[in-house]
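Please open the structure in your viewer and keep the selection tool at hand. The stops below say what to select next and what can be found there.

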Number of protein chains: 2
Amino acid sequence: MMDARKFRILQAIIDDYILTAIPVGSRTISKKYEMGLSSATIRNEMSDLEELGYLDQPHVSAGRVPSAKAYRLYVDQLLARGMIPTAAETDVRHYFGDRTRQMEDVITHAAQVLSGLTHYTSLVMTPKGAELRIRNLQLVPVTATSALVVIVTDGGIMRDTVINVGKDMDSDTLYSISRMLTERLANHTLSEAQSILREIGGTMKENSQLLSGIMEFVDETEGRGSKAKLALGGTSNILNYPEYNDVEKARNFLSVLETKEKLMRLLDNQSEMAFTVRIGPETGIPELSDCSLVTATYRLGDNTRGTIGVIGPTRMQYGHVFSVLNAMGQQLSELLGNDKE
Amino acid sequence: MMDARKFRILQAIIDDYILTAIPVGSRTISKKYEMGLSSATIRNEMSDLEELGYLDQPHVSAGRVPSAKAYRLYVDQLLARGMIPTAAETDVRHYFGDRTRQMEDVITHAAQVLSGLTHYTSLVMTPKGAELRIRNLQLVPVTATSALVVIVTDGGIMRDTVINVGKDMDSDTLYSISRMLTERLANHTLSEAQSILREIGGTMKENSQLLSGIMEFVDETEGRGSKAKLALGGTSNILNYPEYNDVEKARNFLSVLETKEKLMRLLDNQSEMAFTVRIGPETGIPELSDCSLVTATYRLGDNTRGTIGVIGPTRMQYGHVFSVLNAMGQQLSELLGNDKE
DNA sequence: TGTTAGCACTCACCCTTATTGAGTGCTAAC
DNA sequence: GTTAGCACTCAATAAGGGTGAGTGCTAACA
């Protein structure tokens with residue numbers, strides 16, 4: 001069974017391996033980590049740990065390498081103790097000038113800061129739409145028969161698309177329709193908006209094409225976050241780690257980043273947890289089977305959450321990543337939440 | 001001097017090297033390309049070509065490799081003869097479903113198609129703003145003291161930003177200002193808009209903050225394309241080529257792609273040429289010194305041009321790339337140009 | 001019973017040393 | 001001007017040997 005001493009040894013092994021990426025041997029542990037135990041004893045314990053599935057051995061005369069199971073234990077322990085260093089907070093604040101306000105600029109910048117501070121690949125996603133409350137809806141004429149729909153919501157997030165209005169409409173007509181719709185939809189969530197729009201559609205047959213265009217758009221925005229924007233940072237950072245010296249592996253990793261849909265699905269997990277950690281196979285994506293993904297959420301009003309995250313090798317500096325994500329989450333909530341007023 | 005035979009030999013060497021990436025020897029040329037010459041003769045010619053600077057020799061007992069100068073000659077010849085195969089046209093059309101109309105979606109998709117068809121990294125940039133004619137300007141209230149500026153232009157390109165309006169303004173006020181501005185600015189280019197706005201500013205002191213916000217935005221949009229959007233495709237494609245088997249090189253390449261500003265500057269060159277080809281050092285970016293960049297423009301109205309391009313190793317399949325870029329340019333002009341009516 | 005010292009064994013890694021073969025340059029003959 | 005022949009070069013591959021980090025096992029010790 002797993003007693004305290006075994007755990008201490010395992011922890012030392014993980015710490016060492018995270019730092020060096022070299023399989024760690026019994027002698028290293030006994031000397032470097034002052035256990036007061038000889039290497040032979042450590043060896044016995046390591047043998048047990050391997051049997052328990054916490055350690056792997058690349059080959060018989062190499063040191064041991066932590067397994068996914070080991071990282072899982074390590075992370076759970078870290079989270080359970082609430083051991084989230086706050087050092088990163090000032091760093092984040094420092095790198096985050098507060099000039100820019102545009103949603104898109106903010107998330108791009110956030111991704112850059114995140115990857116800069118962690119040296120891993122970072123992901124920043126705008127909140128999904130379902131829970132956002134509408135503040136304003138406006139139609140801007142583009143051509144005689146098409147218009148741009150702009151929806152301003154909670155947190156100042158704008159989403160826009162061009163729809164076909166079906167027949168000629170001048171600016172004034174569109175404006176009065178906009179006013180009417182805004183009045184009806186204001187303070188409702190996007191999901192509520194759906195049924196209201198349907199209702200309106202029943203009474204306003206003459207503008208049915210326009211309304212169905214808007215409905216389609218709202219649907220798309222609300223529905224499984226398909227319209228949420230995703231920014232990546234530090235995509236080439238992975239190449240800094242020896243485990244990705246193999247070009248083949250690197251290509252696999254990078255090609256996953258290119259299909260944003262896959263990533264979106266990964267980040268979609270809207271759990272209540274402060275952090276979600278997926279280690280290796282837990283990511284569910286074969287190409288990422290020796291990566292870890294740590295995600296956190298930031299709040300942007302009552303029920304609106306965006307996601308930020310970091311992808312790196314399984315031997316990730318989890319503690320540091322937690323700390324940075326934590327700080328960044330706060331910073332984003334602050335920055336984007338302020339737009340509210 | 002460079003006679004016809006030398007040129008034929010050089011061409012054969014380039015063709016072979018583009019295909020195989022292996023330094024090509026005299027024997028290969030004499031056998032594979034049916035010159036009716038013995039390897040010894042080829043050797044003599046190759047020696048001359050090396051002296052002329054068209055060939056490099058990695059080491060004394062290796063075959064020859066084309067120099068940047070050789071590619072330059074090759075490309076110039078290709079372009080001079082107008083040898084642009086049209087095969088790619090149907091491919092592009094095939095991969096380009098015409099559903100989507102949103103500018104951003106279109107360029108993202110275009111980048112994907114481009115990299116898919118060429119197997120290189122692709123770049124697609126929206127047109128720069130300076131020459132666009134304004135069709136409509138509208139202010140949408142976001143919060144009590146800030147508004148979203150939407151400018152609809154020629155070709156249906158929308159750009160938007162949030163500005164501070166300085167004081168409380170309700171929706172109706174903003175709308176009447178929008179109408180007024182639209183009336184004054186319609187059919188003017190962004191550059192002309194600048195002076196008109198300055199003029200208006202003189203007579204409308206009470207809304208100075210709003211106006212200066214708009215001016216700043218127009219300035220930004222117009223000025224050296226800083227607001228132009230850029231989409232990348234196939235960023236990991238470079239790893240498919242043996243010259244980038246070295247992780248160090250790959251990292252360099254990829255990190256250039258991460259700083260979009262650098263790329264923008266590269267694409268900025270608004271020459272009148274159908275194609276611009278920068279070979280190796282001609283890119284001006286040290287990290288890309290063994291890459292080639294081929295760009296083309298697509299038209300979107302009278303004077304509005306967007307840029308599309310492809311980055312790959314210097315031994316690029318230039319002919320094919322020309323053909324694909326050509327087809328894509330047409331497709332984009334069509335697709336986005338149609339929004340006009 | 002848990003801990004440690006000692007020892008034989010394994011195996012990746014590195015270094016050195018052939019071996020091979022593609023390719024060149026030069027020369028002499030056609 | 002072209003070609004055959006030959007000596008030479010040198011990257012790439014393979015093969016051999018030494019090194020050292022690390023293990024597992026056993027026997028002695030506290």
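Begin with Arg43(B) and DNA strand D, where a polar side-chain atom of Arg43(B) lies 3.4 Å from a base oxygen of the strand, a pair that falls under the polar contact cut-off (N or O atoms within 3.5 Å; within protein, one must be able to donate a hydrogen and the other to accept it, and residues adjacent in sequence count only if both atoms are side-chain atoms). This is a predicted model, in which local features need pLDDT of at least 70 and side-chain atom pairs count only at pLDDT 80 or more, while totals for chains, interfaces and linings use all residues. Residues are numbered from 1 along each chain as its sequence is written, chains are lettered from A and ligands numbered from 1 in the order in which they are written, and side-chain values use heavy atoms, with hydrogens and water left out.

**Around DNA strand D**

Keep DNA strand D selected and add Ser61(B), which has a polar side-chain atom 3.1 Å from a base oxygen of the strand. Then move to Arg64(A), where a polar side-chain atom lies 3.1 Å from a phosphate oxygen of DNA strand D.

Now widen the selection to the residues near the strand, where near is used for a residue with a heavy atom within 4 Å of it. DNA strand D is surrounded by 21 residues, and the closest are Ser26(A), Arg5(B), Thr41(B), Val60(B) and Ser61(B). Which parts of the strand do the atoms within 4 Å of the protein belong to? Of these atoms of DNA strand D, 78% belong to sugar or phosphate, and the rest belong to bases.

Colouring this surface by residue class gives six nonpolar, 11 polar and four charged residues, where Ala, Val, Leu, Ile, Met, Phe, Trp, Tyr, Cys and Pro count as nonpolar, Asp, Glu, Lys and Arg as charged, and the others, Gly among them, as polar. Next select helix 3 (39–51) of chain A and helix 3 (39–51) of chain B, each of which supplies at least two residues of the surface near DNA strand D. The largest share, four residues, comes from helix 3 of chain B. Helices (H or I, at least four residues) and strands (E, at least two) are DSSP runs, numbered from the N terminus.

**Around DNA strand C**

Switch the selection to DNA strand C, which 21 residues surround, the closest being Arg5(A), Thr41(A), Val60(A), Ser61(A) and Ser26(B). Among the atoms of DNA strand C that come within 4 Å of the protein, sugar and phosphate account for 78%.

Three residues can be picked out in turn here. Ser26(B) has an N or O atom in its side chain 2.6 Å from a phosphate oxygen of DNA strand C, and Ser38(A) has a polar backbone atom 3.1 Å from a phosphate oxygen of this strand. Arg43(A) places a polar side-chain atom 3.4 Å from a base oxygen of DNA strand C. Helix 3 of chain A and helix 3 of chain B are the elements that give two or more residues to the surface near DNA strand C, and helix 3 of chain A makes the largest share, with four residues.

**Chain A as a whole**

Hide the DNA and select chain A, which is divided into domain 1 (4–66), domain 2 (88–127 + 228–337) and domain 3 (130–224), with bounds that come from an automatic or database domain assignment. The C-alpha centres of domain 2 and domain 3 of chain A lie 32 Å apart, and the C-alpha trace of chain A spans about 85 × 40 × 35 Å along its principal axes.

**Two residues to finish**

Select Arg315(A), in the loop between strand 10 (305–313) and helix 12 (318–337) of chain A. Is Arg315(A) buried or exposed? Arg315(A) is buried, with a relative accessible area of 6%, the classes being buried under 20%, exposed over 50% and partly exposed in between (1.4 Å probe, protein chains only). The side chain of Arg315(A) reaches the backbone oxygen of Ile18(A) at 2.5 Å, and makes a polar contact with the side chain of Glu243(A) at 2.7 Å.

Finally, select Lys260(A), in helix 11 (residues 260–267) of chain A, which is partly exposed, with a relative accessible area of 35%. Lys260(A) and Ala231(A) are 29 residues apart in sequence and 9.5 Å apart in space, C-alpha to C-alpha.
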